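Here is a short briefing on one protein chain. It goes from a surface residue to a strand pair and then to the chain totals.

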Amino acid sequence: DAGGAAPVLDAAAAPVLDAAQLAEAFALFSHASEELSTAYAALQAQVGQLSERLSVLMGALPAGVLVVDRAGTVVQANRAAEGLFGGGLAGMAWAALAARLEDSGTPGEFVLRRDPATVDGDARRLALSESELDSGAERILLVHDVTDTHRMRLTAERNERLAAMGEMVAGLAHQLRTPLAAALLYTGNLRQPELDPAQRAMVADRALERLRYLERLIRDMLLFARGDSAGRQRFAVCELLAELAHTLEPVARARQVAFAADCGCGEAELVGDRKALGGALTNLLENGIQACEAGGTLRCEAALVAAADAGIGAPAVRFEVRDSGRGIAPELQERLFEPFFTTRAEGTGLGLAIARGVARAHGGDITLRSTPGQGAEFTLVVPLAAAPNGALENP
């Protein structure tokens, strides 16, 4: 157009072009839909296979598995879990199941009495652990039945003690014969008519001294042979340490040894045989007093330590007994825990062996660190008491 007018478009051409594009778009959409449907079907098949494999795996696991949601309700449980707690676990509150568990005294282990009508009944010892999903919506609880393992461990410990007892028979005969012969000699002297009352009293005192030594030796032998704890109760750590300090401070003062005790455990509690643990610590403290010269120092401290620092795989209380004595030669340090080995003339040689046995019976241990001329440090570690179900209940 020479006049510069705008070009005129063909109105009939646009609908034809749009229809072709629309048909092509529909074809592409249909193809994509078919691909998505095929992929979805394949994904469903994979999910079905995975679900089937997971069900088979959970059913075959010897450990109990429970899946607990955020509200604390059991949403899934395998056959092993139902064999321990009973059927119909899905939909139950985990807190109700956890309430049936009793503290065993060992961190992470609990006692389940499946027959409440009896004292022991069909009691099982269970080890519990949990893992939270990344989403935080659910937790997976693993329940291991460690009853047989626990029994075998107790049997192995007892067999070890019996084997040690067998090796000590010869030493025991010597230990008993010497004080018994002295007691018999002193007792025989009491028959001499020429003894005046003062001499007779002195001979009688010496005979009684030897007989008391024999009594102490036999008592220690029985404690070592038994090895386990007679009872279990909860008690505060700081109360135990205060009681020991009250008992041992006069003994230390009589030997002119400065004694101090410090507890940094707050309200923390232990579960176990309070008398046995107190006896083990008393033995360490008495040894420390004996090792110090007049003017020496003895210190006992109790502190809480994390599982990573305790060396026993659980949060614990660490008792440290440090003295300023003459120290212990390296070649003697490990032998100190052997039955009947002693560096003291009046010692039975069983105190430290019993103390280590008590510590291990409570899931802990005793270690020694010493340098000749620089004193000695005994460390007794015992796992902290855990709330029976607190670690596994929903916060």
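L142 is partly exposed in this predicted model. Its relative accessible area is 32%, and partly exposed covers the range between under 20%, which is buried, and over 50%, which is exposed. Therefore L142 at 32% counts as neither buried nor exposed.

**Surface patch around L142**
- L142 belongs to strand β6, which spans residues 138-145.
- Together with L133 and I140, L142 forms a nonpolar patch on the surface.
- The accessible area of L133, I140 and L142 together is about 190 Å².

**Strand β12 and its partner**
- Strand β12 covers residues 365-370, and its side chains alternate between two faces.
- I366, L368 and S370 point to one face and are buried.
- D365, T367 and R369 point to the other face and are not buried.
- β12 runs antiparallel to strand β13, residues 376-383, and 6 bridges join the two.
- Across this pairing, D365 of β12 stands opposite V381 of β13.
- The hairpin of β12 and β13 has 5 residues between the strands.
- In that hairpin, G373 takes a positive phi near 85°.

**Whole chain**
- The protein chain has 11 helices and 13 strands.
- Of its 395 residues, 34% are buried.
- The accessible surface of the chain comes to about 22900 Å².
- Carbon and sulfur atoms hold 57% of that accessible surface.
- Among contacts with a separation of 6 or more, 61% are between residues 24 or more positions apart.

Notes:
Residues are numbered from 1 along each chain as its sequence is written. This is a predicted model: local features need pLDDT of at least 70, side-chain atom pairs count only at pLDDT 80 or more; totals for chains, interfaces and linings use all residues. Side-chain values use heavy atoms; hydrogens and water are left out. Buried means under 20% relative accessible area, exposed over 50%, partly exposed in between (1.4 Å probe, protein chains only). Helices (H or I, at least four residues) and strands (E, at least two) are DSSP runs, numbered from the N terminus. Two strands pair if DSSP finds at least two bridges between them. Contact means heavy atoms within 4.5 Å. Accessible areas come from the Shrake-Rupley method with a 1.4 Å probe; for residues, only the protein chains shown count as cover. Patches are made of residues with over 30% relative accessible area and no salt bridge: like charges are joined within 9 Å, nonpolar side chains (Val, Leu, Ile, Met, Phe, Trp, Tyr) within 5 Å. A salt bridge is a side-chain nitrogen of Lys or Arg within 4 Å of a carboxyl oxygen of Asp or Glu.
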